[in-house]
2 protein chains.
Amino acid sequence: MKEVAKLMNYRSSVRVVDATLRDGGLVNNFYFTDEFVRDLYLANIKAGVDYMEFGYKASTEMFDTDKFGKWKFCRDEDIRSIVGENLTDLKIAVMADVGRCDYRNDIINSADSPIDLIRVATYINTIPAAVDMIENATAKGYETSCNIMAISNTQESDLKAALDILGQSPVDVFYIVDSYGALYPEQIARVADIFMEAAVKYNKKIGIHAHNNQQLAFANTIEAVGDGVDYLDATYSSMGRGAGNCAMELLLGFLKNPKYNLYPVLQFIDKHMNRLRKEGVVWGYDLQYLMTGLLNQHPRTAIQFTKDKRTDYTEFYKDIVVHD
Amino acid sequence: MKEVAKLMNYRSSVRVVDATLRDGGLVNNFYFTDEFVRDLYLANIKAGVDYMEFGYKASTEMFDTDKFGKWKFCRDEDIRSIVGENLTDLKIAVMADVGRCDYRNDIINSADSPIDLIRVATYINTIPAAVDMIENATAKGYETSCNIMAISNTQESDLKAALDILGQSPVDVFYIVDSYGALYPEQIARVADIFMEAAVKYNKKIGIHAHNNQQLAFANTIEAVGDGVDYLDATYSSMGRGAGNCAMELLLGFLKNPKYNLYPVLQFIDKHMNRLRKEGVVWGYDLQYLMTGLLNQHPRTAIQFTKDKRTDYTEFYKDIVVHD
């Protein structure tokens with residue numbers, strides 16, 4: 001059981017990462033208004049959030065810029081139009097997917113960019129490609145993280161091997177990503193232990209990105225804090241793919257560092273998030289996500305079920321419960 | 001950290017208690033159709049649920065039977081009209097509140113009643129009255145539990161004293177009730193430890209009834225399972241006062257005893273719960289409940305906010321955050 005004193009106090013190494021535009025962008029194809037993005041930036045500053053992820057650095061060779069909002073591509077000038085010189089304590093992050101980012105061309109030197117942190121997203125089987133991206137970004141002067149997706153489908157021995165490779169890279173943060181929202185808190189504790197062993201050995205930090213398929217995104221995130229995980233992803237109103245993420249408003253309510261403030265988050269939600277829902281943008285916990293989470297599957301079938309506005313949950317369950 | 005072997009296996013002493021009619025009845029004044037109740041009874045049997053709570057044994061002297069559905073009063077003949085002789089493995093429970101139940105008159109001998117378990121609900125300051133009800137019910141042949149409400153507002157030393165009194169009573173189960181949805185899993189672990197010490201000393205079982213104000217009802221329930229808590233309350237679609245309870249569909253997905261089946265729960269939700277919502281019955285996690293949970297307050301202000309269909313969350317927060 002965790003010590004009472006630790007729970008009443010705080011760890012100054014904790015960092016809160018707002019992933020609303022990036023994971024939330026997966027829900028609305030990154031079509032956020034500039035007012036939304038600017039207000040979110042200001043809310044994050046007032047709330048004491050440490051990093052704001054603006055979106056993806058996606059390849060314009062692979063993705064049609066007419067079919068997505070600009071935050072799928074996060075051009076430096078678009079970020080600048082929101083943050084100017086960003087003379088604040090809030091750092092700027094973007095995500096770069098292995099295999100979907102022209103990082104050699106599209107990521108310029110950090111000294112000339114408003115971006116501080118490049119988050120490299122990878123599955124366990126493309127770690128060397130991730131390392132190449134991490135080395136490239138480090139050489140350009142960025143902080144980096146390596147976000148290992150679909151962790152619930154990853155063998156522990158493969159994970160340990162991957163962390164050994166990453167440990168020898170210049171990456172700053174190892175990220176646990178429960179893409180399927182499949183893990184229970186006690187499993188998070190075990191995964192965090194594996195990450196921690198490598199983090200101590202190689203002097204790295206650990207982060208967590210949780211999904212809410214089983215209403216455990218917040219619970220898993222605070223479990224991870226207690227296990228020594230420092231970088232915590234959250235999104236306003238849980239906005240994110242499928243069942244969404246750990247809610248920023250829940251997380252800031254929990255964290256005891258007085259630098260964090262809940263009120264600006266509530267103000268932003270009042271102004272923007274409820275309107276998004278009214279406009280028909282759909283995300284969040286529902287039965288179909290429970291099912292894919294429970295069955296440790298990618299949520300794509302559940303997302304399609306949601307898009308089709310189906311509510312025949314039992315039929316859906318029968319479809320996905322057995323894979324021949 | 002909990003042992004892997006224990007997580008992959010199950011504890012045969014675990015009991016699942018469906019509290020949909022009772023806690024859900026607080027949302028719709030107990031006006032459920034007979035079809036709903038009968039289908040719920042059948043779903044519970046098929047799902048392997050151990051207890052079904054039908055509602056309250058409320059005093060008809062204190063409450064107007066014209067203003068509430070029949071499950072606020074749970075007359076034996078009304079239960080019989082659903083379950084007949086109940087020749088099944090599903091046991092029948094009702095709740096009796098301290099100070100709101102004419103238990104000497106309204107609770108007949110168990111041999112003549114379809115009810116198996118009397119759940120006595122009390123605050124920490126009325127334990128002797130609860131003991132009197134427990135002794136009365138035990139003498140009549142019932143199983144009993146004592147559900148200690150608002151546990152997050154209870155001093156540990158008072159709780160220990162209360163458990164010492166209850167331990168010497170004939171009660172079968174001590175219940176942790178997080179009425180305000182205020183506790184985090186690590187606090188549940190500490191509370192469960194206090195309960196466990198008394199339970200071991202007096203040879204009692206422990207139960208948990210969680211609320212979802214901070215999206216932790218399920219997380220707190222499975223934390224409690226790992227701490228040795230056996231009686232687990234859940235409701236279909238989380239239906240219950242305010243933010244609702246631990247969802248039955250999440251809990252049965254988690255439990256590994258093969259006697260439990262998720263599918264009948266999904267079928268019931270398909271047929272009934274979504275319709276309830278469409279008819280305008282409102283419950284479940286929302287920001288106002290996060291706030292009262294976070295501030296360790298009774299959810300009544302949040303329930304009123306919900307009834308008034310307000311969405312000005314920041315104004316609400318300012319109202320409740322400071323009490324002079």
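In this predicted model, 39 residues of chain B are in contact with 39 residues of chain A. The report first describes that interface and then turns to two residues of chain B.

**The interface between the chains**

Together, chain B and chain A bury about 3700 Å², and 68% of this area lies on carbon and sulfur atoms. What is the count of salt bridges between chain B and chain A? The count is zero. Polar contacts do occur: eight residue pairs, both at pLDDT 80 or more, are in polar contact across the interface of chain B and chain A.

Several helices of chain B form the side that touches chain A. At least two residues each come from α1 (4-8), α8 (185-202), α9 (217-226), α10 (248-254), α11 (263-278), α12 (287-294) and α14 (313-321) of chain B. Which helix supplies the largest share of this side? That helix is α11(B), with six residues. By residue class, the side of chain B that touches chain A consists of 23 nonpolar, eight polar and eight charged residues.

**How the two copies are related**

Two copies of a chain are related by a rotation about an axis and a shift along it. Here, a turn of 180° with a shift of 0.0 Å along the axis lays chain B on chain A with an RMSD of 0.0 Å. This is the relation of a two-fold axis. Of the interface residues of chain B, 100% are also interface residues in chain A, so the copies meet through the same surface.

**Two residues with a positive phi**

Most residues other than glycine have a negative phi. Two residues of chain B that are not glycine have a positive phi: B:Phe30 and B:Asn203. The table sets out their values.

| Residue | Phi | Relative accessible area |
|---|---|---|
| B:Phe30 | about 70° | 2% |
| B:Asn203 | about 60° | 71% |

Where does B:Phe30 lie? B:Phe30 is in the loop between α2 (20-28) and α3 (34-47) of chain B. Is B:Phe30 buried or exposed? B:Phe30 counts as buried because its relative accessibility is 2%, and the cut-off for buried is under 20%.

B:Asn203 also belongs to a loop, the one between α8 and β7 (205-209) of chain B. The helix α8 of chain B is one of those that supply at least two residues of the side that touches chain A. With a relative accessible area of 71%, B:Asn203 is exposed, because exposed residues are those over 50%.

How values were computed
Residues are numbered from 1 along each chain as its sequence is written. Chains are lettered from A and ligands numbered from 1 in the order in which they are written. This is a predicted model: local features need pLDDT of at least 70, side-chain atom pairs count only at pLDDT 80 or more; totals for chains, interfaces and linings use all residues. Side-chain values use heavy atoms; hydrogens and water are left out. Contact means heavy atoms within 4.5 Å. Buried area is the accessible area (1.4 Å probe) that two parts lose on being put together, summed over both. A salt bridge is a side-chain nitrogen of Lys or Arg within 4 Å of a carboxyl oxygen of Asp or Glu. A polar contact is a pair of N or O atoms within 3.5 Å; within protein, one must be able to donate a hydrogen and the other to accept it, and residues adjacent in sequence count only if both atoms are side-chain atoms. Helices (H or I, at least four residues) and strands (E, at least two) are DSSP runs, numbered from the N terminus. Ala, Val, Leu, Ile, Met, Phe, Trp, Tyr, Cys and Pro count as nonpolar, Asp, Glu, Lys and Arg as charged, and the others, Gly among them, as polar. Copies are superposed by least squares on the C-alpha atoms of residues with pLDDT of at least 70 in both. Buried means under 20% relative accessible area, exposed over 50%, partly exposed in between (1.4 Å probe, protein chains only).
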